[in-house]
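Trainee: Hi! I have a chain open on my screen and I'd like to talk it through with you. Could we begin with the aromatic rings?

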Amino acid sequence: MEKVLFTDLGTMDYKECWDLQEKIFNQVVSRKLFNREKHATSKISQQHHLFFVEHPHVYTLGKSGKEDHLLLNESGLHEKKASYYKINRGGDITYHGPGQLVGYPILDLDCFFTDIHKYLRLLEESIILTLEYFGIKGQRSKGETGVWIDADVPGHARKICAMGVRCSRWVTMHGFALNVNCELDYFNNIIPCGIRDKSVTSIKNETGKSADMEEVKILVKKHFTELFSCEIVDEPNLNSELNNLL
């Protein structure tokens, strides 16, 4: 059973967190290459990571996205107190902000399974099972990544969790963004994931009351652990080393 080191980063600037992901990602890849060169002798154990974080208001555009899916100019971004980054994940444009649970797994899939589609489906399933606790029926939408509600009902489909990942040498980064209690108005400034005919929602919007973010985190971790057949352990050193990593 693989161990996944867990760190709750609290609230962190998007670029700062992206830099942290890149550093950890490169460490995981370096371990992998070292082990490959050493074959069966003198191997070092691989490390996997899972970060939870909330970001200040930010829009991010994936490699396959179109810039005109951001409906704000520079002054509009300033007025909304939002940042904007073009990044190296898959997918189109999305929004991150307070009240949204963002999860970044950095896993060496060679230690689990080498199937990126299975990886995405398991991430989706961890969110679908979490939503069940709140009486929400999460679904997949054919041909689209993420978790939806009423996905097959014309005019009513709404996205509750966006996903976009990068995978290189079978090591992952980026991940999912689950709308828990976030301000949905910020999605009006983009064409979410490049999809024009579907809306977005949140746990709060669906249930009519704010969800306990800590409870949501516990549920997502539980289902992630079960689906990936791994053990999640708190990372004791990362928080104290963040200043050195960034």
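Trainee: How many aromatic pairs are there?

Mentor: The count comes to 12 aromatic pairs. Keep in mind that this is a predicted model.

Trainee: Okay, can you show me one? What are the rings of Tyr95 and Tyr186 doing?

Mentor: Their centres are 5.2 Å apart and their planes are at 15 degrees. Planes under 30 degrees apart count as stacked, so that is what we call this pair.

Trainee: And where do those two sit in the chain?

Mentor: Tyr95 belongs to strand E5, residues 93-96. Tyr186 is in the loop between strand E10 (171-179) and strand E11 (199-200). The pair therefore ties together parts that are 91 residues apart in sequence.

Trainee: Is Tyr95 buried or exposed?

Mentor: Tyr95 is buried, because its relative accessibility is 0%. Tyr186 has 11% relative accessibility, so Tyr186 counts as buried as well. The cut-off to remember is that buried means under 20%.

Trainee: What about Tyr95 and Phe187, how are those rings arranged?

Mentor: That pair is edge-to-face, because the planes are at 75 degrees, with the centres 5.2 Å apart. Here too, distant parts of the chain are linked: Tyr95 is in strand E5 and Phe187 is in the loop between E10 and E11, 92 residues apart. Phe187 has a relative accessible area of 6%, so Phe187 is buried.

Trainee: Why give both a distance and an angle?

Mentor: A pair of aromatic rings is described by the distance of the centres and the angle of the planes.

Trainee: Got it. Staying in that area, what does Tyr59 touch?

Mentor: Leaving out residues up to four places away in sequence, the contacts of Tyr59 include Tyr95 and Tyr186, the two stacked rings from before. Among the others are Leu70, Leu72, Leu77, Tyr84, Tyr85, Asn189 and Ile190. Tyr59 itself is in strand E3, residues 58-61, and at 0% relative accessibility Tyr59 counts as buried.

Trainee: How far is Tyr59 from Ala211?

Mentor: Their C-alpha atoms are separated by 23 Å, and the two are 152 residues apart along the chain.

Trainee: Back to rings for a moment. Which residues do ring pairs link into a cluster?

Mentor: The cluster is made of Phe112, Phe113, Tyr119, Phe224 and Phe228. Have a look at Phe113 there: Lys118 lies over the face of that ring, 4.5 Å from the ring centre.

Trainee: Nice. Which ring does the charged end of Lys221 sit over?

Mentor: That would be the ring of Phe6, with the charged end 3.9 Å from the centre.

Trainee: Let's switch to helices. How do H3 and H5 pack?

Mentor: Helix H3 covers residues 116-133 and helix H5 covers 213-227; their axes are 9 Å apart, at an angle of about 135 degrees. That angle makes H3 oblique to H5. The crossing is right-handed.

Trainee: Which residues make the contact?

Mentor: From H3, they include Leu122, Leu123, Ile127, Leu129 and Tyr133. From H5, they include Val216, Leu219, Val220, Phe224 and Leu227. You met Phe224 already, in the ring cluster.

Trainee: Does that name come up anywhere else? What is Leu50 in contact with?

Mentor: Phe224 is one of the contacts of Leu50, once neighbours within four places in sequence are left aside. Phe6 is another, and the list also includes Val4, Tyr104, Pro105 and Ile232. Leu50 lies in strand E2, residues 48-54, and counts as buried because its relative accessibility is 1%.

Trainee: New topic: the backbone. What is phi of His174?

Mentor: Phi of His174 is near 60 degrees, which is a positive value in a residue other than glycine. You'll find His174 in strand E10, and it is buried, with 1% relative accessibility.

Trainee: And what is phi of Ser229?

Mentor: Phi of Ser229 is near 50 degrees, again positive and again in a residue other than glycine. Ser229 is in the loop between H5 and strand E12 (230-234). Its relative accessible area is 48%, so Ser229 is partly exposed.

Trainee: Last one: where does Asp212 lie?

Mentor: Asp212 is in the loop between helix H4 (203-207) and H5. At 42% relative accessibility, Asp212 is partly exposed. Measuring tools aside, the C-alpha atoms of Asp212 and His57 are 20 Å apart in space, and the residues are 155 apart in sequence.

Terms used: Residues numbered from 1 in each chain as written. Predicted model: local features only at pLDDT ≥ 70, side-chain atom pairs only at ≥ 80, totals over all residues. Heavy atoms only, no water. Phe/Tyr/Trp six-rings, centres within 6.5 Å; stacked < 30°, edge-to-face > 60°. Helix = DSSP H or I, 4+ residues; strand = E, 2+ residues; numbered from the N terminus. Buried < 20%, exposed > 50% of the residue type's maximum accessible area, 1.4 Å probe, protein only. Lys NZ or Arg CZ within 6 Å of the ring centre and 35° of its normal. Axes fitted to C-alpha atoms, helices over the stretch in contact; angles between N-to-C directions. Parallel < 35°, antiparallel > 145°, perpendicular 65-115°, else oblique. Left-handed = near helix turned anticlockwise from the far one by under 90°. Contact = heavy atoms within 4.5 Å.
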